[in-house]
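Got the viewer open and a selection tool at hand? Let's take a walk through this model, one stop at a time.

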Amino acid sequence: MRFSNRRVLRAAVGSFLALLASHGLAAAPAPPAAVPLVGEEILLWPGDAPGSEGLSLQERLTERSEDPALHDRIFTRILRPSLRVYRPAVANGAAVANGAAVVVAPGGAYQRVVMDKEGLDIAQWLNGLGVTVFVLKYRLPGEGHRAPVHVPLQDAQRALRLLRHRAELLGIDPQRIGILGFSAGGHLAGSLAAHHDATVYPPAHGESIESARPDFVILIYPVVAEDFLSPQVLETYPGLRQVVSQYPLDAGVSKDWPPTFLLQTADDPAVKAAGALRLYQSLQTAGVPSELHVFQTGGHGFGIRNAKGPVARWSELCGEWLRGLGVLAAGEGP
């Protein structure tokens, strides 16, 4: 598999990243410091999002952490979905961005968007690998939108098309754009992998010719299908059940599904590990390059900051997978 480097500046990036890796700086990071919710924000739709016309919602940002030094913020009542941009740092006057881009879809049971531990924390880690990150704030199906089961996928498709349409302006490679999702965000990322070409909204505004297919997919404790959710989750989050029953990931696998990294824990109380196993088997049968890691312990919703024991190495393993895929290379991939 090859990833193009057209339209992206490459000077000296490869050697710098190799130096980072040789000193272990690309390994699993320590729990990150709080990241301010600032920076460039790209609205996905120029006006009302499809299915949200005329809807009145006042967006809500709620802080759940009692530690002022460590945020745990969630978004609800989302009417204007967006991408928040986080770019790699500048070293010695030169940007270390390698042109790769990742859309991060935080989890939250399709009831909220967990912005810090499954969004901004992940942006910090990926920025350290030279990746430009776009944290996706997507609409939630239970907040009054028409055709509610489709609104998260509409936003994900639009995000990929918009990034490809503006790739040169954003300094990213349009052929190295992936998506990473956690829990319900993992379901959304997998839904995009399976249904990137489904017509869930009428493409317009200049991006209709762009593909919504991600070039690679990273699924962390993803919701795969209704059968693999605990009874308590099914009862507590009916909106999650509604969307997942419409888009079961294992049933959507085809040979066009992008290369995939899967992570799950055996003791996850919310999402059964058998779902990741089923999805991996489907990917293998379809001939999709894929890698699966199932750790004995770790639970659910740990992100990076709360990962303990062997599962804390997941970001290091994922970084190596990205490197082997050619995503992090400044030049041509393998």
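Before you click on anything, keep in mind that this is a predicted model. Start with the whole protein chain in view: nine helices and 13 strands. Of its 334 residues, 57% are buried. Now think about contacts between residues at least 6 apart in sequence: 81% of them join residues at least 24 apart.

**Stop one: strand E12**

Select residues 260–265, which form strand E12. Is this strand enclosed or open? Six of its six residues are buried, so E12 is largely enclosed by the rest of the structure. Colour the two faces separately if you like. Thr260, Leu262 and Gln264 lie on one side, with Phe261, Leu263 and Thr265 on the other, and all of them are buried.

Next, bring in the partner strands. Add residues 217–220, strand E11, which runs parallel to E12 and is joined to it by four bridges. Then add residues 290–295, strand E13, also parallel to E12 and linked to it by six bridges. Leu262 is a handy residue to click here: its bridge partner in E13 is Leu292, and Leu262 is also the E12 bridge partner of Leu219.

Keep E12 and E13 on screen and show residues 273–286, helix H8. Together, E12, H8 and E13 make a β-α-β unit, and it is right-handed.

**Stop two: helix H2**

Now select residues 116–128, helix H2. How far apart are its end C-alpha atoms? They are 17 Å apart, which agrees with the 18 Å that 13 residues should span at 1.5 Å a residue.

Look along the helix and centre on Ile122, where there is a kink of about 25 degrees. Now switch on the surroundings: eleven of the 13 residues of H2 are buried, so this helix is largely enclosed by the rest of the structure. The buried set includes Trp125, Leu126 and Leu120, along with charged-looking names to pick out such as Asp116, Lys117 and Glu118. Ile122, the centre of the kink, is in the buried set too.

Step just past the end of H2 to Gly130, which takes a positive phi of about 85 degrees.

**Stop three: Ser82**

Jump to Ser82, in strand E4 (residues 82–86). Is Ser82 buried or exposed? Its relative accessibility is 1%, so Ser82 counts as buried, the cut-off being under 20%.

What does Ser82 touch, leaving out residues up to four places away in sequence? Select Glu41, Ile42, Leu43 and Leu44, then Val135, Leu136 and Lys137, and you have the list. Zoom in on Glu41, because there is a side-chain link to find: a polar contact of 2.5 Å joins the side chains of Ser82 and Glu41.

Before leaving, draw a distance from Ser82 to Arg139. These two are 57 residues apart in sequence, and their C-alpha atoms are 9.3 Å apart in space.

**Last stop: a three-strand sheet**

Finish with an open sheet of three strands, in the order E2-E3-E8 and with antiparallel pairing. Select 60–63 for E2 and 113–114 for E8: these strands stand at the edges, each with a single partner strand, so one side of each is left without a neighbour in the sheet.

Add residues 73–76, strand E3, which pairs with E2 over four bridges in the antiparallel sense. To see one bridge pair, click Arg60 and then its partner in E3, Thr76.

Conventions. Residues numbered from 1 in each chain as written. Predicted model: local features only at pLDDT ≥ 70, side-chain atom pairs only at ≥ 80, totals over all residues. Heavy atoms only, no water. Buried < 20%, exposed > 50% of the residue type's maximum accessible area, 1.4 Å probe, protein only. Helix = DSSP H or I, 4+ residues; strand = E, 2+ residues; numbered from the N terminus. Pairing = 2+ DSSP bridges. Right-handed = clockwise from strand over helix to strand, strands pointing away. Expected span 1.5 Å × (residues − 1). Bend = angle between axes of the 7 residues up to and from the residue. Contact = heavy atoms within 4.5 Å. Polar contact = N/O pair within 3.5 Å; in protein donor to acceptor, adjacent residues only side chain to side chain.
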